[in-house]
Amino acid sequence: MGQTAAAGSDDADVSRAFTRSLLDDLRVLERMIKQGRIESGVRRFGAEQELFLVDDGWRPAPLALKVLERLSDGDFTTELALFNLEANVPPHLLEGECLSVLEEALDEMVRKVRAATRAEGGQVVLAGILPTLVKSDLGLENMTPRPRYHRLNEVISRLRGGAYRLRIEGTDELNLEHDTVMLEACNTSCQVHLQVSADEFARFYNVAQTMVAPALAASVNSPVLFGKRLWAETRIALFQQSLDTRSATLHLRELSPRVRFGEGWVNESVIELFQDDISRFRVIMAEEVAEDSFRVLDEGGVPRLPALQLHNGTVYRWNRPCYGISEGEPHLRIECRALPSGPTIRDEVANAAFWMGLVLGGGAEFGDIRERMEFDDAKANFLACSRLGLAAGVNWFGGETVGVRTLIQRDLLPLARTGLLEAGVASSDVDRYLGVIHDRVESGQTGSVWALRSLAAMRDHGTRAERLAAVTAATVARQEKGDPVHGWTLAELHEAGGWKQNYMRVEQYMNTTLYTVNEEELVEMVAFLMDREGVRHVLVEDDNHRLVGLVSYRSILRIVAEGGRRRGLESLPVREIMEAALATVTPETPTLDAIDLMRKERVSCLPVLKDGKLVGLVSERDFMPIAYQLLEERLREV
């Protein structure tokens, strides 16, 4: 997101001029490749570290601008949300102990951010998706106040022509709508860049497309979103849907999502990918371009290709082609965007080493990967590994169907080792970081598995918000120690640091499993639900699913006491006994305000509405943990 550097323009002349520059940049790059102007024979790599900022209750904290003020160097930048930051590691040659150097650089950067964040009363979390995120964190008040972010939100929202719809199915199901692009802020990654020569780009890019699935399977770290257990790497589904510009009204047209794996192999050149992206995706961010790329090239200079780079920054391939300039030389890179942030920096470096080793080793071992695998299989493997992690099965060479865990242990770790060693990486570094992958795969404990096992072990203790906070707190504690995730002990409830932070707002503990009836339903159906499901309140909706009333256990008892069957209980509609004048709250309502409202209105529950729609319910029973904890504290004081 940090690459989307322009504020954009609605001026048609600016947009047309930018498009002309974009096409010129593409032609210039094509000429540079034909003339051998792209740097060759040099293997560099780099990384981008994204992270979350949280408060002392382990919830998102909008501290980014304050933290940046405390950081003196320019390696840090903003992201879409004020609770995110990005650190950029300068490129290194892929040789010697370069992986250890990368770990040290990332460690130092995160240490600086951690110190600056603590000075502002917060903490740093490396996680693909922050477990404690709730939907209300994604309001525009948490968007970084930079023109480019607001412009991006305006443009994508206009292209969509409606709400952002998110639907992801895993162990649980998430189905919601949101009104801004801020859903993207739920994701953080540790992106790795690998420099390749122009003449080898197609071969290595196709291998990267093949190998990203098993690399991701071993690296998954994003199993929970808004309290729902979804994919092993939920980021993949979330990112695609959160930046989807396809209008829901164009369902008969086959449009491509801006976040995507791709549609086919590269045949000859990187130019094919840039041409495809320009053809498929309209310009959404335009700015005046001062550089004449043709003139710069003709005069013997190195063109920056600013229009091409800006447009490329608004198209999100999981393996993205990149053009850049390093030490005055133009080069091409493959950027892997699929790998998540965390669980530790050592885990991240191991993930990067595994992916780079697979790309380099596979490029040397397999040659033209198109002769060994169908593109559709590579794409299907990527989705399967995103959903299931190490539990996935993949379609591999020669028509073999194999578990990805077996494939990694049997074939891919040796392949990655060969690729790194032949590139000149020190054997000590190769052993160190591929050893982390080996042990993680051997144990089966990825970051996602650890988080889900932790939540399962705490299922009978605390509220869901407390359990998610405990996972977040435990993540931070173990990250600071630095031991890779395969050796982590499970999170425990006490690590959340107390109950108060988890009862600040209604959304943290409201009941979202609701039993509702239509206002024309039989009262007898309500009585059946209450008896069968053990609930004391049933909410009533009209035909448009708007909340119109509530039936309480007391209402049913009153009807029965008055001789309900003599009054025709078997045919009595719910609307005749429901309470229509209801006190309600929103998910963001402070808990103390909700308690005061309940006491003032003398009601035993409060429906929770978001934008007029029913999303939850809080009752006297939900407040009991608060009362118990307060009583405990007062007794200790006595």
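In the hairpin formed by β17 and β18, five residues lie between the strands, and His545 adopts a positive phi near 60 degrees. This report concerns a predicted model, and the hairpin serves as its starting point.

## The β17–β18 hairpin and the smaller core

Strand β17 covers residues 537-541 and pairs with β18 in the antiparallel sense over five bridges. One bridge joins Val540 to its partner in β18, Gly549. Strand β18 spans residues 547-552, and five of its six residues are buried, so the rest of the structure largely encloses this strand.

The nonpolar core with the greatest membership comprises 171 residues, of which Phe354 and Trp355 touch the most other members. Apart from that core lies another, of 15 residues, including Leu529, Val538, Val551 and Val574.

Trp355 has contacts outside its own stretch of sequence. Leaving aside neighbours within four places, this tryptophan is in contact with Val192, Leu194, Ala208, Val212, Ala215, Asn319, Ile334, Cys336 and Leu339.

## Helix α6

Helix α6 runs over residues 235-242, and six of its eight residues are buried, so this helix too is largely enclosed by the rest of the structure. The buried positions are Arg235, Ile236, Ala237, Leu238, Phe239 and Ser242. Their cover includes the helices α5 (201-217) and α11 (375-388). It also includes the strands β5 (164-169), β8 (224-225), β10 (259-260) and β11 (316-317).

## Pocket and cavities

The largest pocket has a volume of about 1400 Å³. Of the 45 residues that line this pocket, Lys135, Asn175, Leu176, Lys610 and Val615 are the closest to its centre. Three elements, β6 (173-178), α15 (464-481) and β20 (613-619), each supply at least two residues of the lining. The largest share, six residues, comes from β6.

The structure also holds two cavities of 30 Å³ or more. In the largest cavity, which has about 160 Å³ of space, the residues closest to the centre are Pro131, Asn221, Ala451, Val471 and Thr475, out of 18 that line it. Helices α14 (447-457) and α15 each contribute at least two residues to the lining of the largest cavity, and α14 provides the largest share, with four residues.

The second largest cavity has a volume of about 110 Å³. Twelve residues line this second cavity, and the closest to its centre are Glu50, Glu184, Ser189, Phe239 and Arg337. Phe239 is also one of the buried residues of α6.

The composition of each lining by residue class is given below.

| Space | Nonpolar | Polar | Charged |
|---|---|---|---|
| Largest pocket | 17 residues | 13 residues | 15 residues |
| Largest cavity | 14 residues | four residues | no residues |
| Second largest cavity | three residues | four residues | five residues |

The lining of the largest cavity thus contains no charged residues, whereas five charged residues belong to the lining of the second largest cavity.

## His92

His92 is found in strand β3, which spans residues 84-93. Its relative accessibility is 22%, so His92 counts as partly exposed; the limit for a buried residue is under 20%. Not counting residues up to four places away in sequence, His92 touches Arg43, Arg44, Phe45 and Val101. Leu130 lies 38 residues from His92 along the chain, and the C-alpha atoms of the two are separated by 30 Å.

## Backbone features in loops

Several loops hold backbone features of note to the reader. The peptide bond from Gly342 to Pro343 is cis, with omega near -5 degrees. Pro343 is placed in the loop between β13 (329-336) and α10 (345-366).

Glu327, a residue other than glycine, has a positive phi, near 55 degrees. This glutamate is found in the loop between β12 (319-326) and β13. With 72% relative accessibility, Glu327 counts as exposed.

Arg602 likewise has a positive phi near 55 degrees, again in a residue other than glycine. The arginine sits in the loop between α18 (591-601) and β19 (605-610). Arg602 counts as exposed because its relative accessibility is 78%, and exposed means over 50%.

Methods: Residues are numbered from 1 along each chain as its sequence is written. This is a predicted model: local features need pLDDT of at least 70, side-chain atom pairs count only at pLDDT 80 or more; totals for chains, interfaces and linings use all residues. Side-chain values use heavy atoms; hydrogens and water are left out. On a 1 Å grid over the protein atoms alone, a cavity is a set of points where a 1.4 Å probe fits but cannot get out, and a pocket is an open set with protein on both sides within 12 Å along at least five of seven lines; lining residues have an atom within 4 Å of a point. Grid points are joined across faces, edges and corners, and a volume is the space filled by probe spheres set on the points. Ala, Val, Leu, Ile, Met, Phe, Trp, Tyr, Cys and Pro count as nonpolar, Asp, Glu, Lys and Arg as charged, and the others, Gly among them, as polar. A nonpolar core is a set of buried Ala, Val, Leu, Ile, Met, Phe, Trp, Tyr and Cys residues joined through side-chain atoms within 4.5 Å. Buried means under 20% relative accessible area, exposed over 50%, partly exposed in between (1.4 Å probe, protein chains only). Contact means heavy atoms within 4.5 Å. Two strands pair if DSSP finds at least two bridges between them.
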